[in-house]
Structures are given as structure tokens and as C-alpha cells.
Amino acid sequence: MSITPVMPVYGRCEVAPARGEGAYLFDAAGNRWLDFAAGIAVNSLGHGHPHLVKTIQAQAATLMHVSNLYQVPGQTALAERLVALTFADTMFFTNSGAEAVECAIKTARRFQFVAGHPEKFRIVTFKQAFHGRTMTGIAATDQDKMRGGFEPLPDWFTVLPFDDLAAVQAFMAGPQGEQVGGFMVEPVQGEGGIRVASTEFLQGLRDLADEHGALLIFDEVQCGVARTGSLFAYQHFGVTPDIMAIAKGIGGGFPVGACLATEHAAQGMVVGTHGSTYGGNPLAMAACGAVLDIVAEPEFLANVERMGRRLREAIEQMIPNHDHLFKGVRGLGLMLGIELKSDSRAFVNYARSHGVLTVAAADNVVRVLPPLTIDESHVREFVERLSDAARAYAPPLAA
Ligand SMILES: *Cc1c(COP(=O)(O)O)cnc(C)c1O
């Protein structure tokens, strides 16, 4: 096997987008796809949104980057907006979701250290979780396909079954319970197959954290930023974390993330404990600000909820017509998963030939993650295209 200029860590498909417009991608030959993948929940405003484009253009021409050694007024202003919109009192800006998760874990570890509990070094996470591809991110999941060849990894994560409060209660009552300094969970698992946690589970984790002096971390890198119909998923459940990692949708395509925390949880994050060269630079902050201008508006959130309901109903109506292939639909807002009776990767590949982009996830799930700006016409077109694809599709024979 010969080496390629780009490391071949992705199995890339044939689609080569050259430009985007709203919910559509086009290649150089003019072929068009309805983009219900949105860069994996990143292009929250679709492609080429005029407000986002103008804001980035203007900021790039004014000031793109300065070091965090200097004052960055745009960073303070954005943080103040996010403080006003969330549970958080403070935050650290990153360039990706994995770095936001890394900062969340470091914040929890430092909290226990300065609180005089260095013995609470353990972080409980959950099966099928995805927390990014850093060494700690892969240490925090049980998924062998990401961990293989990287062991030994940090061994202070304990992975318990998702949405199974009794299992967590049992672990906390056991000998390692007093080592637990934090719980980290995706309120809606993304890569793990669009699994929505129950409110009882999340509230149970909140109660256990309070009882044991541990912190509750929500990884909202995929489900945050209006994706579920509330600005952040925790607001939908009515369960408030101490720390929250966000990224993906917040930049609308610009690479940026953040780790949000309460003042209490962030007490260990003092001068010298963390840093990032690019994190929170003026260009990234301008992009986030432009996205927030739009997605934080109550009418926008109400529309995400409405479109989420329409899309789900339309998928539910389509399922019985293709019951050789589709099993059911689950999710929240515009973060939906269609469960298949056969391999979802093969069907996602096939659906591209019918002009529609989706993303495969674990457990035979087709992830449906459209731009949050879609309207009824996109919902209709999606279901038509997916129906056509399903009608023509012959699942590969089981091995
Ligand atoms: C995508 C994702 C990450 C990692 O984000 P990157 O920007 O790829 O580093 C972490 N957690 C969740 C829940 C994600 O969906």
C-alpha cells in the first residue's frame, strides 16, 4: 500500500462538494445534493448564510488573530452573551469539540485537586459514547474501533451502561465510588446512534454528583446549539450540568468550541493551568457571535422544534412503506436517527445516488442532521428522495 499525501484515516466517499447554498451542496459538474448531514451537525445555518459570511469577511479584514496574551474584546463579549444564555459563569474557547471535552475533564480534575480531594480522580462515562479523538477522548469511551492500538490509555475512566441509573448507583455504592470526581455524558448520544437519555437518568446523575461531591459534565458538542430545539439540550431536560462542552454548530462551519462552567466548578482553572494558541481568536468569536445572533432567537428555536416534529412525522409516515428496510425513528428536534434492519453505512452510501446526504451512526442508524434553517419544502424533498432510494435499494446479502 502506498502512502497518500493526506493520511488515509477516513473512508471518503465520491462526493466532492465545490460550493454550498442553503441546504444544498454542489460539485464542480453541477450535481446537487440535499445536505441533511450538515458537516455532521456543524453547518447550523446551512451553506453560505449571508449574515455569517459577511461577519467573517468583515472581521478577517479587520483583525483575524491575536494571542491570548492580549485583550480580546470579542472573546469577552461572546462569553458574556453565553453566560447570559446558560447556567455558566465562565468559559474557555477552543478550536474543536475534542479540545472542549479535554478542557472539561481538566476543569473537573483541577476542581477536585483544589477542593482537597485528589483521590476523586475517576470520571464515569457511558457505553457507545463519543468524546473526540484525543487520547483522553478515546480513553473515555468503550469503543474498541477507536481505542485499538492506542493502549495503554489513561485508566481513570469507568464506562457504565448508558441510561441505566441503577448501574451507576451500584457503582457509586461500591469501593470505587469515592474515587469518582465527575460524570460525563452526552444528553443525546450522536455517534453512538442518536440515543436520547431519559430525564430520570440525567436527574439521577445530577443527584449522585451532588451526593458524592462530583461534577456533572454534559458533552453537548453534537446536541447543543439549537440542534434539539432548545438552545442547549440540558434546557430541554431541565437538568443543569456544572460543566458543558460545545463545538460543532456554534461556529456554523468555522472551527470553534468552548468549555462552559459554573464559578464553583471552575475554581481550579487559574493562571497557567490551561491554554490554547488559537482558542477564542477574533475571527472565531465573530463567527460564533453571528451564529448566536440567529439561533438564540426564540422564534428560531420554535421553528427548529416545529421542523423537527414535521420531519419526524414525515419519516414515521414513510417507514411502513419500506418496512423491509426501516425499523423506526428516534431523536430530538433536528437530531434524528432512522433505525435500519440492515447496515446503515451501505444505505447512506446508496442514498447519495438519489441526491441526499445523511450520516451513518452505530447500531444501524442513519443520522438525519439538516441545517437548522430548513423549511417544509426541504422536509418534503428529503422524504421523497429517501423513499425513492429505499424503493430502489437492495440491501447487501448478510455474510
Ligand atoms: C464530534 C464530537 C466530539 C469531537 O469534536 P471534534 O470537533 O471532532 O474534536 C466530541 N463529542 C461529541 C459528542 C461529538 O459529537
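**Entry 1: the nonpolar core.** I looked up the largest nonpolar core of this predicted model. This core has 106 residues, and those that touch the most other members are Phe183, Phe201, Ile315, Phe326, Phe347 and Phe382. I then asked which helix gives the most to this core. Helix H10, spanning residues 282–295, does so with nine residues. I also noted that domain 1 (51–295) and domain 2 (298–340 + 347–365 + 383–393) each supply at least three residues to this core. For context, I recorded that nonpolar side chains tend to be buried together in soluble globular proteins.

**Entry 2: the ligand.** I listed the residues that surround the ligand: Ser96, Gly97, Ala98, Phe130, His131, Gly132, Glu186, Asp219, Val221, Gln222 and Lys248. Sorted by class, this shell holds three nonpolar, five polar and three charged residues. I next looked up polar atoms beside the ligand. Ala98 places a backbone N or O atom 2.7 Å from a ligand oxygen atom. In the side chain of Gln222, an N or O atom lies 2.7 Å from an oxygen atom of the ligand. For Asp219, a polar side-chain atom is 2.7 Å from a nitrogen atom of the ligand. On its own the ligand has 380 Å² of accessible area, of which the protein covers 81%.

**Entry 3: Thr228.** I located Thr228 in the loop that lies between strand E10 (215–219) and helix H9 (233–237). Is Thr228 buried or exposed? I entered Thr228 as buried, because its relative accessible area is 4% and the cut-off for buried is under 20%. I also found a polar contact between the side chains of Thr228 and Ser230, at 3.5 Å.

Key: Residues numbered from 1 in each chain as written. Predicted model: local features only at pLDDT ≥ 70, side-chain atom pairs only at ≥ 80, totals over all residues. Heavy atoms only, no water. Near = heavy atom within 4 Å. Polar contact = N/O pair within 3.5 Å; in protein donor to acceptor, adjacent residues only side chain to side chain. Areas by Shrake-Rupley, 256 points an atom, 1.4 Å probe, with all protein chains shown as cover. Nonpolar A, V, L, I, M, F, W, Y, C, P; charged D, E, K, R; others polar. Core = buried A, V, L, I, M, F, W, Y, C linked by side-chain atoms within 4.5 Å. Buried < 20%, exposed > 50% of the residue type's maximum accessible area, 1.4 Å probe, protein only. Helix = DSSP H or I, 4+ residues; strand = E, 2+ residues; numbered from the N terminus. Domains from an automatic or database assignment.
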